[in-house]
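Here is a short briefing on how two chains meet. Look at the structure before you read on.

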There are 2 protein chains.
Amino acid sequence: MPTINADRLLADLHALRRIGEYETGVHRPTYSDVDMQARHWVAGRLADAGLTTDIDGIGNVFGRGAGAGPKLLLGSHLETQNHAGWLDGAMGVIFGLEVARALGGGIDVAGWADEEGHYGSFLGTRSFCGLVTEAEIDRCRNVGDGTPLRTALAHAGLADKPRVVIDPADYRGYLEAHIEQGATLEDAGHRIGVVTAIVGAHRYRIVFEGQQNHAGTTRMAVRRDAGVALIRLAAAIDARFPAIAGPRTVWTTGRITLDPGAPSIVPGKAEMLFQYRDTDPAMLAALEHELEALVAEANLGPCRVTIADRGRSVPRQMDAGFQTALEQAAEKHVPGLHTRLPSGAGHDAQIMSERVPSGMLFVPSIHGISHHWTENTSDADLVLGCQVFADAAAAILAG
Amino acid sequence: MPTINADRLLADLHALRRIGEYETGVHRPTYSDVDMQARHWVAGRLADAGLTTDIDGIGNVFGRGAGAGPKLLLGSHLETQNHAGWLDGAMGVIFGLEVARALGGGIDVAGWADEEGHYGSFLGTRSFCGLVTEAEIDRCRNVGDGTPLRTALAHAGLADKPRVVIDPADYRGYLEAHIEQGATLEDAGHRIGVVTAIVGAHRYRIVFEGQQNHAGTTRMAVRRDAGVALIRLAAAIDARFPAIAGPRTVWTTGRITLDPGAPSIVPGKAEMLFQYRDTDPAMLAALEHELEALVAEANLGPCRVTIADRGRSVPRQMDAGFQTALEQAAEKHVPGLHTRLPSGAGHDAQIMSERVPSGMLFVPSIHGISHHWTENTSDADLVLGCQVFADAAAAILAG
């Protein structure tokens, strides 16, 4: 079995951390100068390792290893959320680089673009899977400042480059290592997680329309308070979702807006952003049915309630054989200190699984923190995770 | 009994409307150039009517009529809410001007400053009642852009003027005419309202502190979702306040903020601005007791809940004799088409009632709309309201 080089692994992780560093984390939005600097640096490290490198027209970094037959593709994304952590994405790319070095062949490595959605939705892997049209690229804009994606690609020097699309026959599959971004592993004392499935999510904007009025002079009996209508629906979700939900179902109201939002004005309009996630399509359908029933009940009140779909993803199962390979590798190094678990967050592996067998390995996140610059994982868990990842990759290639 | 001049009244109301006009309403924030233009215009009209005029150091406009013995003071405020209506405040000042002209003596008129709270809380009447210190003026800032009150007063040419303070012996009392700003009169077909009392209000900021987390990876069982804590408290208020409340009690959540307010992040902090109003101090105390009990219950959850007082006003009873005078004048002109009612909004009369007997007359608001540029009242109701106001003033002076 291959042996990874722990010092080299940690040195590369810390070198990448310095590109766009912010506090103890990183600020490296997709196609920013530091993001492109990171992509070129990774391409250089892949070339140093003997891989054939390329950056394609959507910003995906590829390193192609030696070997003829179907290879294993390892990767994750290189950009970060704003002012976020140093391991989210970057770790999976450097694990891929280190495993390519340790195995000496049979491995391709990818550093995907824009998993974090600064411009689109999984642009890098969706482009690689042939799911992004030129028309979509024409439409995409930066979610923060509205910069067109075309402008950003031109600024990044990518405008004239072709986009690479997968030939599934080239690969045995795709394997991605990532931090857990939750505390399930840490709380249970587990050091490795084997991902069973990646959740699907339904996202909604729910809008309540009533009548704006003076909060002193408008009697309760005649009010059409959009904020009260929102609170009643949100409270009904809080009361009724637990009875339907499975053990890993999650649902979240992330934003509430009352309009005009003044202390002495009865809100005439209110809005909530609501989502739920599960790995079981039947559960997502049951939750949708319940939400629609609650909205219909809410519409019996004095305010009008409308629900708009903000997008949905389907749950993706990870390959059973890859799960076994990852679990056996973990059992060899840390017997009993690993577990199978679903991923509550979206990952590039959910897109890749539409084309080739895919699998994911999780390492623990300290205190479960992610999408914040304090995000971290112990050096011991990073080194262990990479060694387990290497062993699993070798087993899959040998299988 | 005096007879008002309807054409002159309406012409003056429309002339004042043009100073800072916005759509069919007015944008005239306190101490803005248009606000000061309005104050000087009103002073000019008061002088034309034979009154001795003055604008004092807080911007209050005074017109002092002929006559020795205790006089009746009539007034309201001259500034508006932002992009708001043409009658809120302005109507009461012009009614005062017209009644001073119709009665020929015994009347002083005031155009108060900043009832709408661009810089403070009832600055004009509180200054006139001796309730504003120089230290408070030092502290006050514009609630929108933070401009210090001192800077605004200097820009308005008021910095070196003394502030006039009432000698209660000079007055029989204070009478204010105002639009209802609700639809109680209109809904019942009443054309005049006689105000019995002005509500007191308790205002709160309620803050919920939990733990910000990833909305996909954080299981429901371990979440400390500040938004859910807020929704539960707001729903409990919605469920339990009606059992305690009186027929005119009102309560409002005007603003809700979830932090960071992103669709895929479990809110770590949440905040609501909450208030309730009633004319009965015992009712306000009962509501406060209930709110504190609900907050204590909320604190049994996984989030910390704190409640901060944002200010409170006490209910003020209007003078019984003034109510009778207003009611008798209304009965003479529109028999049976008037009613006694409390004011759910705050008014300068609540401050004045701390120093002298005070009363208020309401005219109907079309569709109950106020604090919006579509605010309006029919010409017939304006003319009737002013005539009833004049008759009541004459009766009080004769009494």
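The points below cover the contact, the symmetry and one residue.

This is a predicted model: local features need pLDDT of at least 70, side-chain atom pairs count only at pLDDT 80 or more, and totals for chains, interfaces and linings use all residues. Residues are numbered from 1 along each chain as its sequence is written, while chains are lettered from A and ligands numbered from 1 in the order in which they are written.

**The contact**
- Chain A gives 45 residues to the contact, and chain B gives 45 residues. Two residues are in contact if their C-beta atoms, placed from the backbone, lie within 7 Å.
- On the chain A side, helix H8 (226-244) and strands S11 (250-259), S12 (265-266) and S13 (269-278) each give two or more residues. Helices (H or I, at least four residues) and strands (E, at least two) are DSSP runs, numbered from the N terminus.
- 100% of the interface residues of chain A are also interface residues in chain B, so the copies meet through the same surface.

**The symmetry**
- A turn of 180° and a shift of 0.2 Å along the axis lay chain A on chain B with an RMSD of 0.2 Å (superposed by least squares on the C-alpha atoms of residues with pLDDT of at least 70 in both).
- That is the relation of a two-fold axis.

**A:Tyr171**
- A:Tyr171 lies in strand S7 (residues 171-179) of chain A.
- Leaving aside neighbours within four places in sequence, A:Tyr171 is in contact with A:Pro70, A:Lys71, A:Leu72, A:Leu73 and A:Val356.
- C-alpha to C-alpha, A:Tyr171 and A:Asp108 are 9.0 Å apart in space and 63 residues apart in sequence.
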